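User: I should like to learn how to read the buried parts of a protein model. Please take me through the features one at a time.

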Amino acid sequence: MAREKWKYLVKDFDKMVDTYGLAGNLRQCLACGKCVGDCPAASVSPSYNSRQIIQDVLDGNQKRLLASEEIWHCLWCASCYRACPSGIYFPMLMMQIRFRAVEAGFGLKYFQTYQKLALKAMTEGMTFVPREKGRAKVEKLRSEMGLSPWPEVSDKAKSEYNALFEMTGSKAWVDSVANKPEVPVDLNYSKGRINLE
Ligand code: SF4
Ligand code: SF4
């Protein structure tokens with residue numbers, strides 16, 4: 001079966017994807033695979049391979065990357081960064097790949113969790129607020145430690161948080177992608193092929 005055709009490869013995709021300048025040293029990747037050896041996602045998902053993802057970014061294989069299921073397997077734990085002899089900040093690369101995927105309509109079902117967390121942070125100043133039972137446990141532990149039962153976020157802090165979301169355009173961006181139609185992800189990444197319709 002045919003491999004990807006060169007005409008689908010995007011020149012300088014590594015620069016394009018690094019929108020925020022957080023993974024500018026990708027060309028220093030030694031392809032040693034240490035990141036894969038320490039990756040919990042790779043240990044449970046054989047088709048997930050951070051080294052291959054870097055190679056695809058360098059090759060400009062945008063189509064295969066953005067449409068792949070695998071980019072949603074990363075747990076963002078940064079073990080790869082700790083293991084990497086070249087100091088490649090793979091989690092930040094992955095974050096930016098996901099941004100582009102979501103903008104293209106891929107992986108929206110995975111993005112919904114992030115959207116909920118972002119909206120929670122925006123309105124409550126916290127990304128995670130436990131339910132009644134969990135909250136009771138936290139309150140008990142905090143009280144035993146001599147702290148206030150609950151770390152209340154002041155209205156001032158909440159409004160500052162809200163303002164940050166507005167100023168940085170984060171709210172508008174989250175809203176814009178949340179209403180996109182979902183494009184199905186491609187489950188054939190590990191086979192090294194894309195659909196050339
Ligand atoms: S550990 Fe670093 S240098 Fe080695 S393959 Fe992974 S990203 Fe590349
Ligand atoms: S951040 Fe992602 S790629 Fe890196 S070790 Fe964790 S799961 Fe693997």
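User: Where is Trp150 found?

Analyst: In this predicted model, Trp150 is found in the loop between α9 (132-144) and α10 (155-168).

User: Is Trp150 buried or exposed?

Analyst: A residue is called buried when its relative accessible area is under 20%. Trp150 has a relative accessible area of 10%, so it is buried. Leaving aside residues up to four places away in sequence, Trp150 touches Met126, Val129, Pro130, Arg135, Val138, Glu139 and Arg142. From Trp150 to Ala41 the C-alpha distance is 34 Å, and the two are 109 residues apart in sequence.

User: How should one read a nonpolar core, and which residues of the largest one touch the most other members?

Analyst: In soluble globular proteins, nonpolar side chains tend to be buried together. Here the largest nonpolar core has 32 residues, and Tyr48, Val57, Phe90, Leu93 and Ile97 touch the most other members. Several helices each supply at least two residues, among them α4 (50-59), α7 (90-103) and α8 (108-124). The most come from α7, which gives 6 residues. Domain 1 (6-107 + 183-191) and domain 2 (110-178) both contribute residues, so this core lies between them.

User: What does Phe90 touch?

Analyst: Apart from residues up to four places away in sequence, Phe90 touches Tyr48, Ser50, Ile53, Ile54 and Cys80.

User: Which residues are closest to ligand 2?

Analyst: Of the 13 residues that surround ligand 2, the closest are Cys39, Tyr48, Cys74, Cys77 and Cys80. Two or more residues of this shell come from each of α3, α6 (79-83) and α7. The space that ligand 2 takes is the second largest cavity.

Conventions. Residues numbered from 1 in each chain as written. Chains lettered and ligands numbered in written order. Predicted model: local features only at pLDDT ≥ 70, side-chain atom pairs only at ≥ 80, totals over all residues. Heavy atoms only, no water. Core = buried A, V, L, I, M, F, W, Y, C linked by side-chain atoms within 4.5 Å. Buried < 20%, exposed > 50% of the residue type's maximum accessible area, 1.4 Å probe, protein only. Helix = DSSP H or I, 4+ residues; strand = E, 2+ residues; numbered from the N terminus. Domains from an automatic or database assignment. Contact = heavy atoms within 4.5 Å. Near = heavy atom within 4 Å. 1 Å grid on protein atoms, 1.4 Å probe; cavity = no way out; pocket = protein on both sides within 12 Å on 5 of 7 lines; lining within 4 Å. Sits in = over half its atoms within 2 Å of the grid points.
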